[in-house]
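Colleague: I should like to learn how to read surface patches and salt bridges in a model of this kind. Could we begin with the surface?

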Amino acid sequence: MAWAELFGPAMLGDLVVALAVIGLGIWLPGLVALRRLRSRHWWEKKAGFYQDLVATLGRLKQIEDAALQHESEGGAQDAEAAMRTAWDHEEARQRLRGLANEGLVLMSPDSQEAIRRYFRGMDLARGKDSAMERQIERATVTNDALVEVIAAARKDLGVRG
């Protein structure tokens with residue numbers, strides 16, 4: 001068998017096809033793995049964001065529930081405790097506002113709407129006549145936002161439970 005017969009047009013055609021198949025066999029799984037890695041990274045980023053969001057709403061709920069409990073018992077808070085509670089509440093609200101701004105890319109539209117309703121509801125609660133009505137409204141708005149964000153996060157992340 002001569003070199004001309006061994007490396008003839010038929011052999012070159014087979015060689016090109018074999019190289020193409022090997023190239024696709026290496027490139028395609030790499031592409032799929034890279035996409036999966038990006039998707040997983042994005043999911044982890046969203047999950048971490050939702051954790052922060054739920055933790056902040058949970059902190060606000062604790063503050064609102066404690067204030068409602070205190071208001072329903074009729075006891076007057078001393079000035080220092082009242083200032084500390086107001087400070088904690090404002091700090092958590094600012095954290096929530098920051099997360100809402102940061103999360104425009106990460107949050108689902110349902111979560112964004114729940115946060116918007118929270119801030120609207122808190123603004124409307126200021127207009128209530130009595131301190132007790134204000135506290136009840138604030139606690140209700142906070143609880144509703146927490147429940148809605150958890151449901152939206154589960155849906156967005158594909159978590160069943």
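Modeller: Let us begin with Leu 15, which lies in helix H2, spanning residues 9-73. Please bear in mind that this is a predicted model.

Colleague: Is Leu 15 buried, exposed or partly exposed?

Modeller: Residues between 20% and 50% relative accessible area are classed as partly exposed. Leu 15 has a relative accessible area of 44%, so it is partly exposed.

Colleague: Which residues form a nonpolar patch on the surface together with Leu 15?

Modeller: A nonpolar side chain must have over 30% relative accessible area to be included in a patch. Here Leu 15 is joined by Leu 19, Ile 22 and Ile 26. Together, these four residues present about 420 Å² of accessible area.

Colleague: Let us turn to charged side chains. How many salt bridges does a search of the whole structure find?

Modeller: The criterion is a side-chain nitrogen of Lys or Arg within 4 Å of a carboxyl oxygen of Asp or Glu. A search of the whole structure on that basis gives twelve salt bridges. One of them pairs Arg 116 with Glu 113, at 3.4 Å from N to O.

Colleague: How far apart are Arg 116 and Glu 113 in helix H4?

Modeller: They are three residues apart in helix H4, which covers residues 109-125, and therefore about one helical turn separates them. Arg 116 is partly exposed at 41% relative accessibility, and Glu 113 is also partly exposed, at 26%.

Colleague: What is the distance between the closest N and O atoms of Arg 117 and Glu 113?

Modeller: Those atoms are 3.5 Å apart, and the pair forms a salt bridge. Arg 117 and Glu 113 both belong to helix H4, with a spacing of four residues, about one turn of the helix. Arg 117 has a relative accessible area of 37%, which makes it partly exposed.

Colleague: What is the N to O distance in the salt bridge of Glu 113 and Arg 120?

Modeller: The side chains of Glu 113 and Arg 120 meet at 3.1 Å. Arg 120 is partly exposed, with 44% relative accessible area.

Colleague: Which residues are joined into one network by salt bridges that share partners?

Modeller: The network comprises Glu 113, Arg 116, Arg 117, Arg 120 and Glu 148.

Key:
Residues numbered from 1 in each chain as written. Predicted model: local features only at pLDDT ≥ 70, side-chain atom pairs only at ≥ 80, totals over all residues. Heavy atoms only, no water. Helix = DSSP H or I, 4+ residues; strand = E, 2+ residues; numbered from the N terminus. Buried < 20%, exposed > 50% of the residue type's maximum accessible area, 1.4 Å probe, protein only. Patch = residues over 30% accessible without salt bridge, like charges linked within 9 Å, V, L, I, M, F, W, Y side chains within 5 Å. Areas by Shrake-Rupley, 256 points an atom, 1.4 Å probe, with all protein chains shown as cover.
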